[in-house]
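Pull up the model and give it a slow spin before you read on. We'll go through it piece by piece.

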Amino acid sequence: MKKNRFDVSLVTGASSGIGRSLSIELSKKSSLVYLIGRNKKELLLTEEMMTGPSEVVVADLSTQAGLSKVRKLIKNQHIDLLVNNAGFGSGGYFHERKIEKEMSLINTNVSAVVELTHSYINESISSQQKGAVLNVGSVVSFFPRPSNTTYAASKAFIRSFTDSLNRKYKDHGILVSCLYPGLTFTNFFENPDSLRKHTILGQEPEHVAKVAIKGLNKNKRVIIPGLKNKIIIFLGKYLYKYF
Ligand SMILES: NC(=O)c1ccc[n+]([C@@H]2O[C@H](COP(=O)([O-])OP(=O)(O)OC[C@H]3O[C@@H](n4cnc5c(N)ncnc54)[C@H](OP(=O)(O)O)[C@@H]3O)[C@@H](O)[C@H]2O)c1
């Protein structure tokens, strides 16, 4: 039987939200999904929701110890798809935020993505294997957000990083794509259920994950789930100064 293109994948931030939904979606057609996160209980819950085999790996990606653990995995196992999804936000004005939290955000949303992608691309090139990386950006990758400064900047980095890598490594058979979700009802927000009741702009993580996998299968470099988010990106580029 022909092997699925994303037969073995590794998903960071698989204990909740978009990462959990991506893991469930991938497991429908794969032989193994590595589930990465800090919360073992929630990772095991993701595992229960999946239809295919998985392996839980507890790692804090804001630390060198956590990163080394995942980098070793990337080096020693053949992985068809690396999903850099783990991340968190930074609500509030920059001067009011604790610097430790901002640095931890950069470690998780930026440094971890760079380190894991570097390991993955090197491994793919040296083993002459094709592969794919899906980075999770955000609609805010496209415009600054004064009330969310470091987070928006971290996602702008992910956008530029992904675009450059894709240009360089597609000729090596390595697809590097970015998913740009808009408001998605997950634990990214304090109370996703109340948000769900009060806004029509949001999407469910299951839907976002389906769009992402469909986009990857079509080799899309830019994956924006839904027209609403395309409009937000378009308007945001011009109107961000007024918010
Ligand atoms: N929800 C939205 O509206 C939205 C919009 C645009 C983009 N995004 C992006 O989508 C991605 C997933 O977020 P989500 O909405 O699904 O939020 P979520 O439900 O809060 O999930 C975040 C995931 O990241 C993991 N994570 C956070 N810090 C980590 C660390 N130091 N080490 C390892 N894992 C860590 C969490 O796992 P543990 O707690 O187990 O470590 C969790 O599984 C993020 O990159 C986020 O920026 C979200």
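Two residues count as being in contact here if their C-beta atoms, placed from the backbone, lie within 7 Å. Keep in mind that this is a predicted model.

With that in hand, look at where helix 1 meets helix 7. On the helix 1 side you'll find Gly17, Ile18, Arg20, Ser21, Leu22, Glu25 and Leu26, and they meet Pro205, Glu206, Val208, Ala209, Lys210, Ala212 and Ile213 of helix 7. Sorted by class, this contact has eight nonpolar, two polar and four charged residues. Helix 1 covers residues 17-27, while helix 7 spans residues 205-217. Their axes sit 8 Å apart, and the packing angle is about 55 degrees. That angle makes helix 1 oblique to helix 7. The crossing between helix 1 and helix 7 is right-handed.

Helix 1 has another job to look at, over by the ligand. Of the 28 residues that surround the ligand, the closest are Gly13, Gly17, Gly37, Arg38 and Gly87. Helix 1 gives the most to this shell, with three residues. What classes make up the shell around the ligand? There are 16 polar residues, nine nonpolar and three charged.

Now for the sheet. Strands of a sheet pair through backbone hydrogen bonds, either parallel or antiparallel. In this model, seven strands form an open sheet with parallel pairing, and the order is 3-2-1-4-5-6-7. Strand 3 (54-58) and strand 7 (222-223) are the edge strands, each pairing on one side only. At the strand 7 end, two bridges join that strand to strand 6 (residues 174-179). Want a pair to click on? Cysteine 178 has valine 222 in strand 7 as its bridge partner.

Go to the other edge and you'll run into helix 3, residues 64-76. Helix 3 lies across strand 1 (8-12), strand 2 (32-37) and strand 3, and runs at about 145 degrees to strand 3.

Helix 3 also packs with helix 4 (residues 99-126), at an angle of about 20 degrees and with the axes 9 Å apart. Angles under 35 degrees count as roughly parallel, so helix 3 and helix 4 are roughly parallel to each other. Their crossing is right-handed. From helix 3, Leu67, Val70, Arg71, Ile74 and Lys75 meet Ala112, Glu115, Leu116, Ser119, Tyr120 and Glu123 of helix 4. By class, that contact divides into six nonpolar, one polar and four charged residues.

Key. Residues numbered from 1 in each chain as written. Predicted model: local features only at pLDDT ≥ 70, side-chain atom pairs only at ≥ 80, totals over all residues. Near = placed C-beta within 6 Å. Helix = DSSP H or I, 4+ residues; strand = E, 2+ residues; numbered from the N terminus. Nonpolar A, V, L, I, M, F, W, Y, C, P; charged D, E, K, R; others polar. Axes fitted to C-alpha atoms, helices over the stretch in contact; angles between N-to-C directions. Parallel < 35°, antiparallel > 145°, perpendicular 65-115°, else oblique. Left-handed = near helix turned anticlockwise from the far one by under 90°. Pairing = 2+ DSSP bridges.
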